[in-house]
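I opened this model to look up its strands and how they pair. My notes follow in the order I made them.

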Amino acid sequence: MVSTVIRCFVFVLFSMSQVRVKSQFCHRISQYDRCSPNSACACFYIAGAIDIGICADEFVDCSELVPCEQPNNLCHELNHRCIHHPRCRNLPVCYSVPSFNRQLCPPIATMNSTTTSTIPITTTTATQQIVPLRAPAIDIQPNAKWAQNGLTVAGGNGDGNGKNQVSRPRGVYVDDDQTIYVAEYSNHRIVEWKYGATSGQVVAGGNGPGKSANRLYNPEDVIVDKERDSLIICDTGNQRVVRWPRRNGTSGETIISNIVCTGLTMDENGSLYVAGDSVRRYRIGDTKGTVVAGINGYGHDLDQLAGPSYVFVDRDHSVYVSDWVTSRVMKWEENAKVGIVVAGGQGKGNSLTQLDRPRGVVVDQLGTVYVVDQNNNRIMRWPKGATQGSIIIGKNGQGRQSNQLFLPYALSFDRHGNLYVADEYNHRIQKFNIEQTTN
């Protein structure tokens, strides 16, 4: 009975909307990026087109989709487009774009969308939303909550080097299609876990520790460079930053050498920011770098850092650093000579005004700081300007249960606001689903 009601509703909605409302196109928005206020909608590139796609619902079962006819990427069914979809192994598929699609995926306010069914080459413009690496694409409300019981999405089968195991994960990066990349400190490798997978695939290293181009040594962090379709790795034990092809790569290229690297990120211009003794920014082609945080070396003053661990760069190019020794998170605005404390800074401790050895840090679009409070086995949220934080994950102390963490190391959001934590000594990546995003 329920399914009948749903089908009737869809039919009525379709009937009301057909003819006048055609599918919404997205132009100059990155593949799989958000293209609508509805966070379930993404931009799927049309096969054979450049920077042009359909803004449509991303949640679909690929087994129900028909591959496009080759070699011309044709779809013979009415109202179907040949697109690339992240869940479909990069093979173009015929995707149904119903005539009420624009109501399901209304355009972002900054977009001007055509309502014709021809591919808009010059008539559609858009302002691409800049989403910093590891940050959520949606606006997370100040009172948002996450499930307290995490789901193990990588590892969780003990310490080891098997396909279904991870060993001391220290870096985690979640791509647009919810593929997870894990920097395994003890296994000297980067492993890719597809959405819903029960085992991972080694995509960098995995040949034992070493300095050769096909080896890593205690990697601590990894990010994806979408423009070059490559991984950028903090190869900490070898004191270098390595670029590794994301697909079928057998060796990496050293792009920065003789550097202490504990964490890294990239801005929308392709500049790399590396945390080590300080935080340095490396623009494309730059091998020396410029210190952008920790101008006056090691120390506890506001113009110094003491053991910077992880780094995050927001849309304004402000640099956030988790300063491990001083148990604080610092913010350095672009070109600033002095930082400000945005979390902790009251000495080591477990009160809501304190941190104890912070690690991973991410900042959302409201300026809220999310930080891994490592020795307290918790994830904390510090609203912009707040003098104390709140515990959002890990209220049950150290342990191995789904609502516990054991010396967590890093964190990342997916585009929907779900939170992923590298739970180092539980040898797993935990996903905590977002539950509340409204006031």
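Entry 1, an open sheet. I looked up a sheet of four strands in this predicted model. The sheet is open, its strand order is 13-14-15-16, and the pairing is antiparallel. I then asked which strands are at the edges. They are strand 13, residues 221-225, and strand 16, residues 253-257, and each of these pairs on one side only. From one strand to the next, I get an average twist of 25°.

Entry 2, strands 13 and 14. I checked how many bridges join strand 13 to strand 14. The two strands pair over five bridges in the antiparallel sense, with strand 14 covering residues 230-235. For a residue-level view I picked Asp225, and its bridge partner in strand 14 is Ser230. Asp225 is also where the range of edge strand 13, 221-225, ends.

Entry 3, strand 9. Next I asked whether strand 9 is mostly covered or mostly open, and found it mostly covered. Strand 9 runs over residues 169-174, and six of its six residues are buried. I looked up its pairing with strand 10, residues 180-184, which is antiparallel and has five bridges. Pro169 of strand 9 has Glu184 of strand 10 as its bridge partner. Strands 9 and 10 form a hairpin, and I find five residues between them. In that turn I noted Gln178, which has a positive phi of about 65°.

Entry 4, the annotated repeats. I looked in the UniProt record for annotation and found the feature "repeat: NHL", from an unreviewed entry, at residues 160-196 and 404-435. I then took the two spans in turn. Residues 160-196 are 0% helix and 43% strand, and the end C-alpha atoms of this span lie 20 Å apart. Residues 404-435 are 0% helix and 50% strand, with the end C-alpha atoms 18 Å apart.

Entry 5, the whole protein. I left the totals until last. What is the count of helices and strands? I find two helices and 32 strands in the protein. Of the 439 residues, 55% are buried. I took the contacts between residues at least 6 apart in sequence, and 51% of them join residues at least 24 apart. The accessible surface comes to about 19,500 Å², and carbon and sulfur atoms account for 49% of that.

Note on methods
Residues are numbered from 1 along each chain as its sequence is written. This is a predicted model: local features need pLDDT of at least 70, side-chain atom pairs count only at pLDDT 80 or more; totals for chains, interfaces and linings use all residues. Side-chain values use heavy atoms; hydrogens and water are left out. Buried means under 20% relative accessible area, exposed over 50%, partly exposed in between (1.4 Å probe, protein chains only). Contact means heavy atoms within 4.5 Å. Accessible areas come from the Shrake-Rupley method with a 1.4 Å probe; for residues, only the protein chains shown count as cover. UniProt positions are given in the numbering used here, feature names are shortened, and annotations may be inferred rather than shown by experiment. Two strands pair if DSSP finds at least two bridges between them. Axes are lines fitted to C-alpha atoms, for helices over the stretch in contact, and angles run from 0 to 180 degrees between N-to-C directions.
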